[in-house]
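Me: I have a structure open on my screen and would love to talk through its metal site and ligand with you. Could we go step by step?

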Amino acid sequence: MTVDSADSTGAAQKAQPPRKRAAAKKKPELVQLMTPEGKRVKNAAYDKYVTDITDDALRDLYRDMVMARRFDAEAVTLQRQGELGLWPSLLGQEAAQVGSGRATRDDDYVFPTYREHGVAWCRGVDPTKLLGMFRGVNNGGWDPNGNNFQLYTIVIGSQVLHATGYAMGVAKDGADSAVVAYFGDGASSQGDVAEAFTFSAVYNAPVVFFCQNNQWAISEPTEKQTRVPLYQRAQGFGFPGVRVDGNDVLAVLAVTRWALERARNGEGPTLVEAFTYRMGAHTTSDDPTKYRADEERAAWEAKDPILRLRSYLEARTDTDEGFFAELDAEAETLGKRVRDAVRAMPDPDHMAIFENVYADGHALVDEERAQFAAYQASFAEEGA
Ligand SMILES: Cc1ncc(C[n+]2csc(CCOP(=O)(O)OP(=O)(O)O)c2C)c(N)n1
Ligand SMILES: [Mg+2]
């Protein structure tokens, strides 16, 4: 054994503390087509995926992001006013969602978490329908097959398996459509996600795993989920992984188009890690000031996805003030439409909670239904 090879043995590496070993590694790559200041940067690998994006198309992407943010802000306010029980805000993640959502085709199928309001917008789901479950008046609110956009999933990571199974079916059908599975940095620790990676790789399933790394899983930072940048995990499963600037809508569009193209060409799954930030609270029940520093949020505010594209539009296109003013007015109209729609949602019949638990009924549910009916009837007797 030569001295050189002895130096490169695992034993020599193990002597280093883990932190030092990680620091010695190459800085993670980040695909970016537009800097936080709104300057377009060339990218030899991904520019070709956005050659059709004219100034008009950029304005459309900007509009999508503004509308998604306005809708989200209205939902937060409605929760504060007691009209919704809970709301998970997408604030800060507009570019990750709009860039990826606009990369999909109508015949693709999308499996969201509970925060994908911007993706829902791009898929054409009526935004008012997203609010019913959070008001407690239904268990979903839209027909998943209407826009090929599954119902929101709260059980962390489970939809990634559903997406993989669906994608395996797409492959068996010989269709050239693809599937996108959304999930978060925290979800990447779930067994379901690891299983989905394994199955999709082995079956060469046409699925794009779109991980929005918003740096937090409620109060847990990403460094408590992983020792390596999340996109690098894909390599161990046998498919490519890419980290994209999740606050750069153009880069997200390009990278997702590339990943979808791979899926359609029979090249199997891809992991896209959109590096972004949850600027708001985890949900309206959370108070992030308890676990993260204000400076962190401030640093990410400088990378705001909407301001970035606005800077570009103002400096490098003929977009005039009228465009922004009209868009603001349109966003206000959406806010009002959402507010009115939520207030007009009828409360469900209380007994409806027992429906659809089992397809053919169940003795225990029947018992609970009877108990609840008797409880309700007791109020009527008191009043009489
Ligand atoms: C299986 C499961 N475990 C725990 C929870 C509670 N929970 C809700 S959201 C969340 C954090 C998810 O973080 P991440 O995947 O990063 O998504 P983000 O909320 O940041 O978008 C947890 C642990 C859950 N809903 N499901
Ligand atoms: Mg997260």
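Here are some questions and answers about this predicted model.

Me: Happy to start with the metal. Which residues are the protein donors of the magnesium ion (ligand 2)?

Reply: Good place to begin! The donor atoms lie 2.1 to 2.2 Å from the magnesium ion. One is a backbone-type O atom label, from Trp216, while the others are labelled OD and OD1. Together the donor residues are Asp185, Asn214 and Trp216.

Me: What is the spacing of these donor residues in sequence?

Reply: Asp185, Asn214 and Trp216 supply the donors. Written as a pattern, their spacing is D-x28-N-x1-W.

Me: How many residues apart in sequence are the parts that Asp185 and Trp216 tie together?

Reply: Asp185 sits in the loop between strand E2 (179–184) and helix H9 (191–202). Trp216 belongs to strand E4 (residues 216–217). The pair therefore ties together parts whose separation in sequence is 31 residues.

Me: Is Asp185 buried or exposed?

Reply: The cut-off for buried is under 20% relative accessible area. Asp185 has a relative accessibility of 1%, so it counts as buried.

Me: And Trp216, buried or exposed?

Reply: The limit is again under 20%. With 9% relative accessibility, Trp216 counts as buried.

Me: Now for ligand 1. Which residues come nearest to it?

Reply: There are 15 residues around ligand 1. Trp216, also a magnesium donor, is among the nearest. The full set that comes nearest is Tyr114, Arg115, Gly186, Ala187 and Trp216.

Me: How much of the area of ligand 1 does the protein bury?

Reply: Let's look at the polar contacts before the area. Backbone N or O atoms of Gly186 and of Ala187 each lie 2.8 Å from an oxygen atom of ligand 1. A side-chain N or O atom of Asn214 is 2.9 Å from an oxygen atom of ligand 1. Taken alone, ligand 1 exposes 580 Å², and the share buried by the protein is 69%.

Me: Which pocket does ligand 1 take up?

Reply: Ligand 1 has 15 residues around it. The space it takes is the second largest pocket.

Me: One last thing, about backbone angles. Is Asn356, with its positive phi, buried or exposed?

Reply: Asn356 has a phi of about 65°, although it is not a glycine. Its place is the loop between helix H14 (321–343) and helix H15 (363–383). The cut-off for exposed is over 50%. At a relative accessible area of 75%, Asn356 is exposed.

Terms used. Residues are numbered from 1 along each chain as its sequence is written. Chains are lettered from A and ligands numbered from 1 in the order in which they are written. This is a predicted model: local features need pLDDT of at least 70, side-chain atom pairs count only at pLDDT 80 or more; totals for chains, interfaces and linings use all residues. Side-chain values use heavy atoms; hydrogens and water are left out. Donors are N, O and S atoms within 2.8 Å of the metal (3.2 Å for Na, K and Ca); water is not among the atoms, so sites may look incomplete. Helices (H or I, at least four residues) and strands (E, at least two) are DSSP runs, numbered from the N terminus. Buried means under 20% relative accessible area, exposed over 50%, partly exposed in between (1.4 Å probe, protein chains only). A residue is near a molecule or strand if one of its heavy atoms lies within 4 Å of it. A polar contact is a pair of N or O atoms within 3.5 Å; within protein, one must be able to donate a hydrogen and the other to accept it, and residues adjacent in sequence count only if both atoms are side-chain atoms. Accessible areas come from the Shrake-Rupley method with a 1.4 Å probe; for residues, only the protein chains shown count as cover. On a 1 Å grid over the protein atoms alone, a cavity is a set of points where a 1.4 Å probe fits but cannot get out, and a pocket is an open set with protein on both sides within 12 Å along at least five of seven lines; lining residues have an atom within 4 Å of a point. A molecule sits in a cavity or pocket if more than half of its atoms lie within 2 Å of its grid points.
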